[in-house]
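Okay, thanks for coming, everyone. I'll put the structure up and then talk you through a few things that caught my eye.

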Number of protein chains: 2
Amino acid sequence: MSETTDRPYHHGDLRRALIDTALGILATDQNWTFTLREVARRTGVSHAAPYKHFRDREDLLRELARIGFIRLGQGMTEAVGAKGLSVREKFIVGAGACIDFALHNPGLYRLMFSADADKTADTHLHDAAMDTFGILLRLLEEGQQNGCFRPAAISALAAASWAQVHGLAMLAINGQLLEEKVGMEPVRAALDVLLDGLCQRDGHTGSVYDPEPYPKVI
Amino acid sequence: MSETTDRPYHHGDLRRALIDTALGILATDQNWTFTLREVARRTGVSHAAPYKHFRDREDLLRELARIGFIRLGQGMTEAVGAKGLSVREKFIVGAGACIDFALHNPGLYRLMFSADADKTADTHLHDAAMDTFGILLRLLEEGQQNGCFRPAAISALAAASWAQVHGLAMLAINGQLLEEKVGMEPVRAALDVLLDGLCQRDGHTGSVYDPEPYPKVI
DNA sequence: ACCTCCATGTTTACAGGAGAAACTTATGCA
DNA sequence: TGCATAAGTTTCTCCTGTAAACATGGAGGT
């Protein structure tokens, strides 16, 4: 009830303002069912204004996802970059940063990994996602060169690690880690399980590339 | 261009027909952006007819998800039930069935685990999901009683396992297991990693419930 | 056989949203 | 000074979800 129509015709940085509004709604509602018109309304512009900055609704969603990947990457880089950590500790801390991010930004995190943020439709989004994924890859390589992680194909370790961390994050977000809230112990324990599996050991290692595929998968 | 208006006024089993149509669209488009009107149209009824069988659009989506969980559960039960398998083999085969299902029904699988199929809003859906989840739990218990799996809290093992399998399924669906298609080897290898971690071993087991939480997580 | 009820359809109506097109404003630059 | 253009606004069309009122025909009681 303060500003009447004294807003200048040109917003200044409407694109940024729209993104902020959308991120705000995403954080509040934990979903991205908001309409583009609502974003415009809350930002105080006409419902067609956003189309000057985003091709369509999905274009905005992809931009939000891209920002999400950048922020996630920053968080993980920061966590992993701490001095004096072993590879195993880096791994734990990096995964923790990811799950932490997911828990603090559940809507955004879900959007980032949803089909509505189609990575094949936006090079920038794809690149941002790959940059973040690269943090994990470098960690695995480091651990492997260390002799700490088993010498299986890096893609296999990456699949296992990424599936585990992302899976835990999704379970944590959905509160499905357990029927009742038990805190973060299961997460920690699950990561221990993963790391114990990743680590160098005597037996089994040879079976990693067992030629026979398991049944019923393409 | 064959049937004019000879269709009987009462469909007979419109509910089922609508579900089948929706499942068909889901399988084709790999998303659930279809409108309720389109489902009605393709089923050959008026656009308001579905409301006699589903409260709203989400109600239909939840029913689709429920059916998905039942089918997934059937596939996994069948796979795990094969005679003469070790627990480890059962695990591999069960996970394979899950990933197999996801690869063959990517749209449905994504819907099942999306927020659009809100499990808190539908007891039947929640129950179906829990039944399927129960397959994994029973397997873990069996392995633990065997002495094959480490004696950590079952919730921890479940978190690790479920995160891994579901994570792999999502990565597989999204083609993110690797830049180029490399087949299912990484999946197999990732499951080996998980199983090696799940298994009984000498060291580390004690650290599973390390009292100090890792940094930066709530 | 007939009447009546009610689940299952259909038609009509309305409030919104996506997005295109045409119009307006103000700003940077020649 | 003045115009080209980016950035907003208005207006319009088509579509959706969903409610309400109406139609139909099969099942059950008489």
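Quick bit of vocabulary before we start: when I say helix, I mean a DSSP run of H or I with at least four residues, and the helices are numbered from the N terminus. And please keep in mind that what you're looking at is a predicted model.

With that in hand, find the loop in chain B that runs between helix H1 (14-29) and helix H2 (36-43), because that loop, with helices counted as DSSP runs, is where Gln30(B) lies. The phi of Gln30(B) is near 60°, so positive, and this residue isn't a glycine. As background, most residues other than glycine have a negative phi. Gln30(B) counts as partly exposed because its relative accessibility is 37%.

Now hop over to chain A. Gln30(A) is in the loop between helix H1 (14-29) and helix H2 (36-43) of that chain. Gln30(A) has a positive phi too, about 60°, again without being a glycine. Its relative accessibility is 38%, so Gln30(A) also counts as partly exposed.

Let's stay with chain A and zoom out. Chain A has 8 helices and 0 strands, so if you read along the sequence you just get α-α-α-α-α-α-α-α, counting helices as DSSP runs. Chain A has 218 residues, and 53% of them count as buried. Take the contacts in chain A with a separation of 6 or more: 69% of those are between residues 24 or more positions apart. The accessible surface of chain A is about 10,600 Å², with 52% of that belonging to carbon and sulfur atoms.

Next, holes. How many cavities of 30 Å³ or more turn up in a search of the whole structure? There are 3. The largest cavity has a volume of about 100 Å³. Helix H3 (57-80), helix H4 (87-104), helix H6 (123-146) and helix H7 (154-173) of chain A each give two or more residues to its lining. Among the lining residues are Met76(A), Phe91(A), Leu139(A) and Trp162(A). By class, that lining has 9 nonpolar residues, 2 polar ones and no charged ones.

Last topic: cysteines. Over all chains, the search finds 0 disulfides. Take Cys199(A): the nearest cysteine sulfur belongs to Cys148(A) and is 4.4 Å away. Why is there no disulfide for Cys199(A)? The cut-off is a pair of cysteine sulfur atoms within 2.5 Å, so 4.4 Å doesn't make it. Cys199(A) counts as buried because its relative accessibility is 13%. Over in chain B, Cys98(B) has 0% relative accessibility, so that one counts as buried as well.

Technical notes. Residues numbered from 1 in each chain as written. Chains lettered and ligands numbered in written order. Predicted model: local features only at pLDDT ≥ 70, side-chain atom pairs only at ≥ 80, totals over all residues. Heavy atoms only, no water. Buried < 20%, exposed > 50% of the residue type's maximum accessible area, 1.4 Å probe, protein only. 1 Å grid on protein atoms, 1.4 Å probe; cavity = no way out; pocket = protein on both sides within 12 Å on 5 of 7 lines; lining within 4 Å. Points joined across faces, edges and corners; volume = space filled by probe spheres on them. Nonpolar A, V, L, I, M, F, W, Y, C, P; charged D, E, K, R; others polar. Contact = heavy atoms within 4.5 Å. Areas by Shrake-Rupley, 256 points an atom, 1.4 Å probe, with all protein chains shown as cover.
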